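The following exercises introduce a structure to a reader who has not met it before. Please work through each task before reading its solution.

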Amino acid sequence: RLRGGGGGRAASVGASTRAEEYAREAREPARTRKNPAREKNEMYTAGGERGRALARKTHALRAAGRLGEAEESLKAYVRLSHEVELPPGYLSGIYAVAANLRFSQREFVQAESYARRSDKILEALAYEPVNLSRLARAPDLIIALQGQTRWPQALAESERPDKLAGADTVSADRLRYRADRARPSRSVRT
């Protein structure tokens, strides 16, 4: 059973755990290669896959209410990012996952801090304010502000993309799908 209820969440946790294990195992053959350049490329690719798997696992554990295990999964993602030297976009993703987890733990101030850090990294990487990756992470900040009952700031954040788009029709078209802006991110997008 994959929809609704505890059975769906348990299946999601199981699937994400297996995906993370497979991604970890995928790194092993690369370690035995004689070609250092190829080994580094394969390790980097496998590390990225494992990072995405750990993010999904953290989300699945959080949704299942297994917050302690979600915290451990997030820590593994952080350790991996240091081991493999994942690109900065992944660090933004880690902060987004951390923001969601902190929100679930009702640590709204920390959730806001992580959501802002996630966006700052994308900004430093020259992502435009109405870039789809930044828009996908914007609800994390909005729900963190709502959790603190900072309603005027949450409203301002929800209206900010429209103001930034202004008369730019391409950006305005991106923003037309308000349902996408209104829900917290479910996965890491880099």
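**Exercise 1.** What percentage of the contacts in the protein chain with a separation of 6 or more is accounted for by residues 24 or more positions apart?

**Solution.** The model is predicted: local features need pLDDT of at least 70 and side-chain atom pairs count only at pLDDT 80 or more, while totals for chains, interfaces and linings use all residues. Residues are numbered from 1 along each chain as its sequence is written, and side-chain values use heavy atoms, without hydrogens and water. A contact means heavy atoms within 4.5 Å. Residues 24 or more positions apart supply 61% of the contacts in question.

**Exercise 2.** State how many helices and strands the protein chain has.

**Solution.** Helices (H or I, at least four residues) and strands (E, at least two) are DSSP runs, numbered from the N terminus. The protein chain holds nine helices and zero strands.

**Exercise 3.** Identify the helix that gives the most to the largest nonpolar core.

**Solution.** Buried means under 20% relative accessible area, exposed over 50%, and partly exposed in between (1.4 Å probe, protein chains only). A nonpolar core joins buried Ala, Val, Leu, Ile, Met, Phe, Trp, Tyr and Cys residues through side-chain atoms within 4.5 Å. The largest such core has 26 residues; among those touching the most other members are Leu 54, Tyr 77 and Val 97. Helices H2 (36-63), H3 (67-84), H4 (88-104), H5 (108-124) and H6 (132-147) each supply at least two residues. H4 gives the most, with seven residues.

**Exercise 4.** Determine whether Ser 133 is buried or exposed.

**Solution.** Ser 133 lies in helix H6. Its relative accessible area is 11%, so Ser 133 is buried.
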